[in-house]
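Here is a friendly tour of one structure, arranged by topic so you can follow along in your viewer. Have the sequence and the model open side by side before you start.

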Amino acid sequence: MPRRDYLDWIVYQIYPRSFCDGNGDGIGDLNGITAKLDYLKMLGVNAVWLSPCYKSPNCDNGYDISDYRDIMDEFGTLDDWKRMISEMHARGIKLIMDFVANHTSSEHVWFKEARSSRENPFHDYYIWRDEIPNDWQSCFGGSAWEYNEETEEYYLHSFAVGQPDLNWENPKVREEMCAVVDYWVGMGVDGFRCDVLNFISKDFAKGKICDGDRLHEYVKELFGREEVKHVFTVGECSYGENEIADICGEDRKELTCIFQFDHFCIGKTEDKFVKADLNLNDLRKTLVKWQNICERKNLLYTLFTDNHDNAHYISRAGNDLQFRYECATAYCAMFYLLKGIPFIYQGQEWGTPDPHYPSITDFCDVETINYYDAHKDKLSEEELIGRINFGSRDNTRRPLCWTNDKNYGFSSAERTWSNLHTRGGEVNLEQDRESEKSVFAFYQKTLALRKESEAIRFGSFEDCTEKDGYFAYKRVCGGDEILVVVNFDGESEIAGLPEWEYLFGNGQKRSANGRYSPFETAVYRKRRKI
Ligand code: GLC
Ligand code: CA
């Protein structure tokens, strides 16, 4: 498929456990997703990225897979999945599956075999050492090496202990993983989101747990093959300006695009649980920089603010109390009218903020629990719970709040798998849609403009900002010209912009120049000559 066609895609990320419970057991599932497809259509998206729904013992909520070809019992059956994809396709919605290539679950039959003896044919599917060879740390804290009694060796796990890393140097592993890709492509999936893909190649000599020098060879082997090269692929591997074209350049036969995380890292400390000081002017500069790089290098950029691994952007980098509506809509316009492929995370479209809980027993995520255990002797409880409320991945994994009803419409069960959102009574879809200030309605308008306007999808990008405090840019394609103005957290006096027709915004109808209030945004279009 020509690259340009992907600029028509608008992707919605579903974290299945927390999206919608179809059978009343308190856990989101595939039938729950199928029941919401008309809703997604109405929002205006045309693709879904589904976080893992495969068989898994859930040490990392499905990112620890024990069977790549079947569905987790709690989520339903393969037949439910088939019904879901066919209902998606019937509505013109594509399906992007999550593809976890770096590791399996320790409950996967390959690992159970592998750990039983050094002679077992599956032993070499994983990475073993007699002694701990280096100080590699797991991304979830602690050593990345775990002892295995049966073989008296250590195995590598870049993530949780229950997520042993596969040995991609073994050609059999590569064959198996290609077969997994083929299996799902054969079942009709349209793409893959490739989990921590740059971890599949390591470099022991250079001490690198990821980004080894065979990465490109492996990725080509997975996705460069004739049979699968039509599928969309987005890699979770944040490369900089110099390396990005090596993995998603048009001629590379590797990935369609990657998630570039620079805008997530602004002001960030080493420790993701410590509040970062995100300066919105730096955010603007980062977005401008990446618009220009992608234009120059002919690359597809991905536009996203939220995902299942981070706090909501309006909470960590905005104002989710005083200006929740304004901030959610300002970020919607700022990101989703840029050039690239929008990814919207579930609940973002009605301005879901981070919740807040008093105790560690309110949290479920493995990374969060490990962090708590590692810091509980060093920090006061108050400081630690504050950090956890800021940085926990549970922030975006709470059951979605659809209505004002029981469990906010997520489930009819007595208990949901994780605590309900602490602000669910105040922020839910039903309430949002009844309000004059509806974040959902703003998302609909933004996505509708994307669909209709060639300037937004294909046009060039021009930064029109003249000073700090706001972001103004133009998108231009032939006679179609759009101007987007987003004011940041203070008041700003904006001048020098063209006076075009006002399309929509999050405040009163207004002219492009003048005084803007915090997080005020407006979108304009040049009248076309007929
Ligand atoms: C990715 C996923 C994250 C998961 C990790 C290990 O970063 O987004 O949720 O825990 O990989 O699979
Ligand atoms: Ca369920």
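Lys253 is exposed because its relative accessibility is 52%, and the cut-off for exposed is over 50%. That residue is part of a predicted model, so please read every value here as computed from predicted coordinates. The briefing goes on from Lys253 to a second residue with positive phi, then to the two ligands, the pocket, and some distances along and across the fold.

**Backbone angles**

- Lys253 sits in the loop that joins α8 (244-248) to β11 (257-258).
- Its phi angle is near 60 degrees, which is positive although Lys253 is not a glycine.
- Asn407 also has a positive phi without being glycine, with a value near 50 degrees.
- You will find Asn407 in the loop between α14 (381-391) and α15 (429-434).
- Is Asn407 buried or exposed? Asn407 is buried, because its relative accessibility of 10% falls under the 20% limit.

**Ligand 1 and its surroundings**

- Ligand 1 has 14 residues around it, and the closest are Asp60, Asp195, Glu236, His308 and Asp309.
- For Asp60, a side-chain N or O atom is 2.5 Å from an oxygen atom of the ligand.
- For Glu236, a polar atom of the side chain is 2.9 Å from an oxygen of ligand 1.
- For Asp309, the separation between a polar side-chain atom and a ligand 1 oxygen is 2.4 Å.
- Asp309 has a further partner in Asn307: a polar atom in the side chain of Asn307 lies 2.8 Å from the backbone nitrogen of Asp309.
- The side chain of Asn307 also makes a polar contact of 3.1 Å with the side chain of Asn310.
- Asn307 belongs to the loop between β12 (302-303) and α11, and Asn307 is buried because its relative accessible area is 6%, under the 20% limit.

**The calcium site**

- Which atoms does the protein supply to the calcium ion, ligand 2? The donors are Asp21 (OD), Asn23 (OD1), Asp25 (OD), Ile27 (O) and Asp29 (OD), at 2.2 to 2.3 Å from the ion.
- Along the chain, these donors follow the spacing D-x1-N-x1-D-x1-I-x1-D.
- Two of the donors, Asn23 and Asp29, fall in opposite accessibility classes: Asn23 is exposed at 53% relative accessibility, whereas Asp29 is buried at 3%.

**The largest pocket**

- The largest pocket holds about 1000 Å³ of space.
- Its lining is made of 32 residues, and those closest to the centre are Cys139, Glu236, Lys268, Lys272 and Glu367.
- The elements giving two or more residues to this lining are β9 (191-195) and α9 (262-265).
- By residue class, the lining of the largest pocket has eleven nonpolar, eight polar and 13 charged members.
- Glu236 deserves a second look in your viewer: Glu236 is among the residues closest to the pocket centre, and Glu236 is also one of the closest residues to ligand 1.

**Distances across the fold**

- Ser106 lies in the loop between β5 (94-100) and α5 (109-114), and Ser106 is buried at 14% relative accessibility.
- From Ser106 to Glu499, the C-alpha separation is 61 Å, with their positions 393 residues apart in sequence.
- Gln322 is in the loop between α11 (313-316) and α12 (324-336), and Gln322 is exposed because its relative accessibility is 60%, over the 50% limit.
- Gln322 and Asp130 are 57 Å apart from C-alpha to C-alpha and 192 residues apart in sequence.
- Leu429 is placed in helix α15 and is buried, with 7% relative accessible area.
- Between Leu429 and His216 there are 43 Å in space, C-alpha to C-alpha, and the two are 213 residues apart in sequence.
- Met334 is in helix α12, and Met334 counts as buried at 0% relative accessibility.
- How many Å separate the C-alpha atoms of Met334 and Leu287, which are 47 residues apart along the chain? The separation between Met334 and Leu287 is 9.5 Å.

Note on methods. Residues numbered from 1 in each chain as written. Chains lettered and ligands numbered in written order. Predicted model: local features only at pLDDT ≥ 70, side-chain atom pairs only at ≥ 80, totals over all residues. Heavy atoms only, no water. 1 Å grid on protein atoms, 1.4 Å probe; cavity = no way out; pocket = protein on both sides within 12 Å on 5 of 7 lines; lining within 4 Å. Points joined across faces, edges and corners; volume = space filled by probe spheres on them. Helix = DSSP H or I, 4+ residues; strand = E, 2+ residues; numbered from the N terminus. Nonpolar A, V, L, I, M, F, W, Y, C, P; charged D, E, K, R; others polar. Donors = N, O, S within 2.8 Å, 3.2 Å for Na, K, Ca; no water. Buried < 20%, exposed > 50% of the residue type's maximum accessible area, 1.4 Å probe, protein only. Near = heavy atom within 4 Å. Polar contact = N/O pair within 3.5 Å; in protein donor to acceptor, adjacent residues only side chain to side chain.
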